[in-house]
Each structure stands twice: as structure tokens, then as C-alpha cells.
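Welcome! Here are some short exercises to work through with the model open beside you. Try each task before you read its solution.

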Amino acid sequence: MDIIDKTTEDDFVRARNKALFNEIQHFLSPEEVSLISLNDVKQLLKPTNETYVGMKVVPIAKIVGSEGRYNDFDNHFFPKSSHLKRRWEHVDEAAIKDIILPPIKVYEISGLYFVRDGNHRVSVAKSRGTEFIDAEVVSLQSEIKLHNPENMPDIVRQIINYEKRVFYAETAFGDITDYWCLDFSRTGRYDVIYNHILTHKYYMNQGKDEEISMPDAVLSWFNTVYLPIVTSIRKCHILHKFPKRTLADLYVWIVRYWDSLKHNFGENVSIDDAVQNFGRIYQIPFYKKIINFFNRIILRKAILTNSADNYIKLDD
């Protein structure tokens, strides 16, 4: 084995081990170390247009995902599988010899880049600490700008924060209600709330000579619809049954559930009954929590075993 072959092999082993250690550190939350899928981001952002930009010098740090190879690399573009070794080492060899490779191809959306072609080149570049890379860029238009996300959950949080800012700004919700913690764990929920307020406003206007103002509708919805349901959720102590969910999440779910109960059993179904039934029916059963716990233990053992089997000391 010549010096270059040994160097590229050592480089791949080093990058592969980083992926393994990254996986071990996040074995309870593997989604945090998964490379971001362009398709998942498009489903959330719903880009409105596609524009061919052409050749650009792209910051490596802003390349955060892939169109088709997101299962092969972790969220730092370290290789997750040994089957990538040969191709990865060829690209690494080209970098060592200063051989100029063709530009990668990327999509740009919300200020971030996703690889269409050239995943191995990006992986090698990141491993070698390269700051910029030539790329052929196609831009997908979105009004939301994202800032250095580590993973898909981080993107979801940024989108939710953007939606909250827009909702509060357009409705003056915080100023009207003095309630600043209308928070969600999923995207698209502020549109649901806005529609609830509009529906409430529609019914308030029935039989009125003068139309109810939007601020009055917001305050009325908050006091007569949202707060009573949230108060019942707190009184029935069901929030803890839905880990990582918020009061507003449960409000949306329970409103739908309450409507279905009233449709099936009549208008006399109380909100407390709806909340209690919802908590009993939709909570995660205890046996599933136990199964999930043991699955995490088994997953951790498998990761540790895989790490031991694949780890190669660089000075061997």
C-alpha cells in the first residue's frame, strides 16, 4: 500500500468513526444525527418557484442535506456505511493530488443547500475542513430563511418560530390577550388557530347589525374558547401523557375530538368529559412505553457493537 492509499484509508476510517460516535451519542434521538432530506424540507416550506442560478462558490457550512443520499451520511456528512469507502477514497485522493473535480450540483432553499449530485465530494470536503466548493445551483423560492440548522427537528423549530412571529404580528394576538405562549410542536398550526378565530368571528356576527372587529373576535375566542379548554386540560392533568406536546397542541386535537363526540352523542357532551376521554384513549399505553424503553436499550447495544466491529485504529 503506497502512502496515498494509506492516507485515504486513514481519512475514511477517521470520518467513518466520527459518524459512529455521533450515532452513539444520540442513540435515544437518532433523528438528530440524520442528514436532512430535501423532500422533507420541501414538504414543510412548499417552495413556490424554481430558478436556475448557475455556477456559484458555495459555503460548505451551508450544505446541510441531500436530495437522494441522506441515508448514507450523517448530519455532518460523515459516511455512515463502509460500502461508501471506495468512492469516498477516490474523491479524497483527488483532493490530496489537487485534481479538480466537476462542480457539485445543489438545490438552494431558504439560504441552505441540498446536494443533487456530489455527496461524496461534500463529505470529503467537510472532513478536510474545506470552506467553499464550486456548485451548479438551482434555487427553490421560499419566504422563510433558515439559519444553520443541525438537523430536521431544528428546521421544524425554526419554521414554527417563523409561523408564530407572523401570526402574532398579523393578529396582534399578544397585545390583545397578553398571552405570549401559544406554542406548538408541529408546523401549520397557527393557520388552524387563525381559522378558528375567523369561524368564531363569523358566529359572533350572526344577528348583529354592525360587524365585530377582528381584535374583539381574537379576545372573545381566547376567553370563551381557548382558555376554557386549556383550563380543563390543566385540571384533568393529561398534558404529561403526551410527551413533547404543548397545551396548544392538545387544544387543537381536543377541539376536533370534542366536535366528533358532539356529532355522535349530542351537544350535551362537556369539555371536561371530552378532555378526560381524550386523555384515556390517546395516551401512550404503559406497555408501549416499556417496549420503547427496551427498544432503545437494544438499539444502543447494537450501535455499540457496530462501533466496536467497525472501529479501526489509525496506527495499525
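## Exercise 1: Walking across the sheet

In β3, S66 is the bridge partner of S37. The model is a predicted one, and this pair is a handy place to start.

**Task.** Starting from that pair, work out in what order the six strands form the open sheet.

*Solution.*

Step 1. S37 pairs with S66 of β3, and two bridges join β1 to β3 (residues 63–66), the two strands running parallel.

Step 2. Look next at β4 and β6, which pair in the parallel sense over six bridges. One pair to find here is V106 with its partner V137 in β6.

Step 3. Now follow β6 to β2: nine bridges join them, and these strands run antiparallel. T51 has S139 of β6 as its bridge partner.

Step 4. Put together, the order is β1-β3-β5-β4-β6-β2, with mixed pairing. The edge strands are β1 (36–37) and β2 (50–59), each of which pairs on one side only.

## Exercise 2: A helix among neighbours

**Task.** Find out how many of the nine residues of helix α4 (residues 119–127) are buried, and what they pack against.

*Solution.*

Step 1. Go through the helix residue by residue. N119, H120, R121, V122, S123, V124 and A125 are buried.

Step 2. Seven of the nine residues are therefore buried, so α4 is largely enclosed by the rest of the structure.

Step 3. Look around the helix for its partners. The buried residues of α4 pack against the strands β3, β4 (104–109), β5 (112–117) and β6 (132–140), and against the helix α3 (85–96).

Step 4. Finish just past the helix: α4 is followed by G129, which has a positive phi, near 80°.

## Exercise 3: Positive phi outside glycine

**Task.** For D178 and K244, give the phi value, then say whether each residue is buried or exposed.

*Solution.*

Step 1. D178 sits in the loop between α6 (173–177) and α7. Its phi is near 55°, a positive value in a residue other than glycine.

Step 2. With a relative accessible area of 63%, D178 is exposed, because the cut-off for exposed is over 50%.

Step 3. K244 lies in the loop between α8 (214–236) and α9 (247–265). Phi of K244 is positive too, near 70°.

Step 4. At 74% relative accessibility, K244 is exposed.

## Exercise 4: Exploring a pocket

**Task.** Describe the second largest pocket: what is its volume, and which helix gives the most to its lining?

*Solution.*

Step 1. The volume of this second largest pocket is about 470 Å³.

Step 2. Its lining has 20 residues, and E143, I144, Y162, E163 and D191 lie nearest the centre.

Step 3. At least two lining residues come from each of α2 (38–45), α5 (152–171) and α7 (189–205). α5 gives the most, with seven residues.

Step 4. Sort the lining by character: nine residues are nonpolar, six polar and five charged.

## Exercise 5: Checking cysteines

**Task.** Say how many disulfides are counted, and how C181 and C236 are classed by accessibility.

*Solution.*

Step 1. A disulfide needs a pair of cysteine sulfur atoms within 2.5 Å. By this rule the count is zero.

Step 2. C181 has 43% relative accessibility and counts as partly exposed.

Step 3. C236 has a relative accessible area of 18% and is buried, because buried means under 20%.

Notes:
Residues numbered from 1 in each chain as written. Predicted model: local features only at pLDDT ≥ 70, side-chain atom pairs only at ≥ 80, totals over all residues. Heavy atoms only, no water. 1 Å grid on protein atoms, 1.4 Å probe; cavity = no way out; pocket = protein on both sides within 12 Å on 5 of 7 lines; lining within 4 Å. Points joined across faces, edges and corners; volume = space filled by probe spheres on them. Helix = DSSP H or I, 4+ residues; strand = E, 2+ residues; numbered from the N terminus. Nonpolar A, V, L, I, M, F, W, Y, C, P; charged D, E, K, R; others polar. Buried < 20%, exposed > 50% of the residue type's maximum accessible area, 1.4 Å probe, protein only. Pairing = 2+ DSSP bridges. Contact = heavy atoms within 4.5 Å.
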